[in-house]
Amino acid sequence: GEKIQQGTVMGATLNTLCNVMGAGVLSLPFAMHNGSIAIGMVLLFFCGLASALSVYALTVGCDATDRHSMNEVLAFALFPPRSLREYEDEQRTAGGSAAGDYERQSITDRQAEYLKTEEKRAFRRKIIMVAMEMVVILNNYGALIVYARVIADSIPPVIADFLGGSGIWTSRYLWLRLAGVIFFVLSCARNMEELKWTSLLGFITIFYIVVVVVTKYFLNENDRFVPDTKEAHEIHWIRFGWDSFRTMTTFGVAFGYQYNVPYFYHELENPTPKKMMLTVLFAFPI
């Protein structure tokens with residue numbers, strides 16, 4: 001296929017920021033409330049560390065297998081194709097009766113056995129790739145629904161209350177359809193590097209929302225949303241229970257962008273694992 005390796009560390013960092021943060025950043029306070037401040041910070045650190053290590057493993061896997069998608073990297077790392085010479089060396093060093101049986105075979109039988117073995121490995125690779133593809137599709141489909149609902153639920157009140165609009169512009173279904181069109185257009189990008197400007201806009205929007213929420217909380221107490229339940233008012237500093245697992249799943253989703261890592265890495269100019277880890281170093285602390 002076409003090789004597009006003109007991506008920059010900054011472009012990959014901006015794309016990583018929107019992949020890691022996203023609109024889900026607004027669910028982090030709820031996650032910290034469930035897990036408590038101390039336990040939540042520990043879980044946040046270790047989830048980020050595990051995600052960073054997996055990014056490094058994926059980039060090394062890309063170089064080792066010369067593949068550029070997560071499903072292919074996994075499949076070819078577990079069942080790499082072998083040449084006839086590599087297969088013969090493996091059989092001769094197996095030891096025991098197996099090595100002796102192999103040596104007594106004719107050249108034709110050896111080649112037939114090699115081809116049969118490689119067909120099995122290719123079939124196993126195909127199963128792994130299809131399974132991983134289904135996981136990625138389901139994950140992205142779920143994320144698409146979440147983002148579409150966020151847009152449909154959030155934009156109409158802004159149009160009505162902030163901009164004074166009315167009529168069709170406050171319809172949830174209109175914004176749901178517009179969101180579908182926008183997602184389709186962005187999905188037609190030839191490579192991830194082209195999304196760096198929309199990712200920058202998304203990051204600025206997310207950062208603006210966080211600033212507004214924090215400002216409202218500390219400076220405008222009269223405008224603060226007051227929950228009805230007593231539980232919501234309590235601040236838990238150290239508490240470990242079943243709710244901590246809900247916190248862990250939230251962080252897992254927040255840092256779960258690994259299926260995009262091989263594409264980001266492949267598009268980098270002169271890609272190296274060290275260069276890819278720079279994007280993690282910049283994006284994760286933010």
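Student: How much area does the protein expose, and what share of it do carbon and sulfur atoms supply?

Tutor: The protein exposes about 18,600 Å², with 67% supplied by carbon and sulfur atoms; accessible areas come from the Shrake-Rupley method with a 1.4 Å probe, and for residues only the protein chains shown count as cover. The model is predicted: local features need pLDDT of at least 70, side-chain atom pairs count only at pLDDT 80 or more, and totals for chains, interfaces and linings use all residues. Residues are numbered from 1 along each chain as its sequence is written, and side-chain values use heavy atoms, leaving out hydrogens and water.

Student: What makes up the secondary structure of the protein?

Tutor: The protein has twelve helices and zero strands, where helices (H or I, at least four residues) and strands (E, at least two) are DSSP runs numbered from the N terminus.

Student: How do you know that the span of helix 10 agrees with its number of residues?

Tutor: The expected span is 1.5 Å times one less than the number of residues. For the twelve residues of helix 10 (residues 243–254) that is 16 Å, and the end C-alpha atoms are 17 Å apart, which agrees.

Student: Which residues of helix 10 are called buried?

Tutor: Buried means under 20% relative accessible area, exposed over 50%, partly exposed in between (1.4 Å probe, protein chains only). In helix 10, S244, T247, F251 and A254 are buried.

Student: Why are they said to line one face of the helix?

Tutor: Seen down the axis of helix 10, the buried residues fall within an arc of 75 degrees, so they line one face; the arc is that of the directions from the helix axis to the C-beta atoms. T249 and V253, on the other side, are exposed.

Student: What do the buried residues of helix 10 pack against?

Tutor: They pack against helix 1 (9–20), helix 2 (28–35) and helix 3 (37–65), a contact being heavy atoms within 4.5 Å.
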